[in-house]
Amino acid sequence: MKKLIAAASLCVASFSVQAVITVPEYDANAGKQIVETVCAACHGMNGISPVPSQPNLGGQNIKYIYKQLIDYKTGYRKNGIMQSQIANLSQQDLANVSGYYSEQPVWNVGFADPATTEEATKIYLGGQKSRGVIGCAGCHGPDAAGNDFAAFPRLGGQHAEYIATQLKLFRAAGREDDIASDDQKRINDAAKEGEMGMMQTVAARLSDRDIRILSDYISAIH
């Protein structure tokens, strides 16, 4: 029960932040034109990325996509490639791209390693109290479909490589690891810079093995 309460409290804290995201009215056709020239090489025209290190976006929560693009635009989320790609795009452009990708069919799922599925399932659904690890399902759902209203992203079927990288970036920020550059941590889960976000808090408790088996498991959830 304490584990569930802890997970719920973290979700409530983040919910209040994410729920205020408002996406401007968008033009999906205009977004498609931008995707063709700017986004498709990494994320695919239909939001299915051909590159495992880059996320699938088809059918993703529109609020989540839009927030991430705005965060890249403002520099709150660091990634040199993404920041350069959208440098000349307006907020309306970002809304159009977000709307276009959100309307595409959801990507397919991968395959998990049967040897670690049981262990990963327990961590994903309920965490591990003895190490202070909080389960993922409280916010992302037991089927990893996310939460559209709260702007929690769909994770099920996402590339395992991408998931693992993001968890490590959140972990580095949550543990305040010494890093070579800000690109090696992710802080944009917090309401504002200087605060500890939910994902930073959760990921700080994860081991390399946790991240490996969770990423593999999540890539197969549907």
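1. A polar contact here is a pair of N or O atoms within 3.5 Å; within protein, one must be able to donate a hydrogen and the other to accept it, and residues adjacent in sequence count only if both atoms are side-chain atoms. One such contact, at 2.8 Å, joins the side chains of N188 and Q68.

2. Ground rules. This is a predicted model: local features need pLDDT of at least 70, side-chain atom pairs count only at pLDDT 80 or more, and totals for chains, interfaces and linings use all residues. Residues are numbered from 1 along each chain as its sequence is written, and side-chain values use heavy atoms, with hydrogens and water left out.

3. N188 sits in the loop between α8 and α9. Helices are DSSP runs (H or I, at least four residues), numbered from the N terminus. N188 has a relative accessible area of 2% and is buried. Buried means under 20% relative accessible area, exposed over 50%, partly exposed in between (1.4 Å probe, protein chains only). Neighbours within four places in sequence aside, N188 is in contact with K67, Q68, D71, Y76, R77 and F170. Contact means heavy atoms within 4.5 Å.

4. Helix α2 covers residues 28-43, 16 in number. Its end C-alpha atoms are only 16 Å apart, short of the 22 Å that a straight helix would reach at 1.5 Å a residue. That expected span is 1.5 Å times one less than the number of residues. A kink of about 60 degrees is centred on E36. The bend at a residue is the angle between axes fitted to the seven residues ending there and the seven starting there.

5. The ends of α2 deserve a look. At its start, a side-chain oxygen of D27 comes within 3.0 Å of the backbone nitrogen of N29. After α2 comes G44, with a positive phi near 80 degrees. The buried residues of α2 are A28, G31, I34, V35, C39, A40 and H43. Their cover includes α4 (80-85) and α5 (91-102).

6. Helix α6 (residues 114-126) has 13 residues and reaches 19 Å from its first C-alpha to its last, close to the expected 18 Å. It still has a kink of about 30 degrees, centred on A120. D113 caps the N-terminal end, with a side-chain oxygen 3.0 Å from the backbone nitrogen of A115. Just after α6, G127 has a positive phi of about 70 degrees. T116, A120, I123 and Y124 are the buried residues of α6, and they pack against α7 (137-140) and α10 (208-218).

7. The largest nonpolar core has 21 residues. Such a core is a set of buried Ala, Val, Leu, Ile, Met, Phe, Trp, Tyr and Cys residues joined through side-chain atoms within 4.5 Å. Y124, L167, L206, L214, Y217, I218 and I221 touch the most other members. α6, α8 (160-174), α9 (198-203) and α10 each supply at least two residues of this core. The largest share, five residues, comes from α10. A second, separate core of 20 residues includes V35, A40, L89 and Y101.

8. Which residues does Y217 contact, leaving aside its neighbours within four places in sequence? They are A112, T117, A120, T121 and Y124.

9. Disulfides number zero; the cut-off is a pair of cysteine sulfur atoms within 2.5 Å. Why is C39 unpaired? The closest cysteine sulfur, in C42, is 9.0 Å from that of C39, so it is too far for a bond. C39 is buried at 12% relative accessibility. C136 is in no disulfide either, its nearest cysteine sulfur, that of C139, being 9.2 Å away. C136 is buried, with a relative accessible area of 17%.
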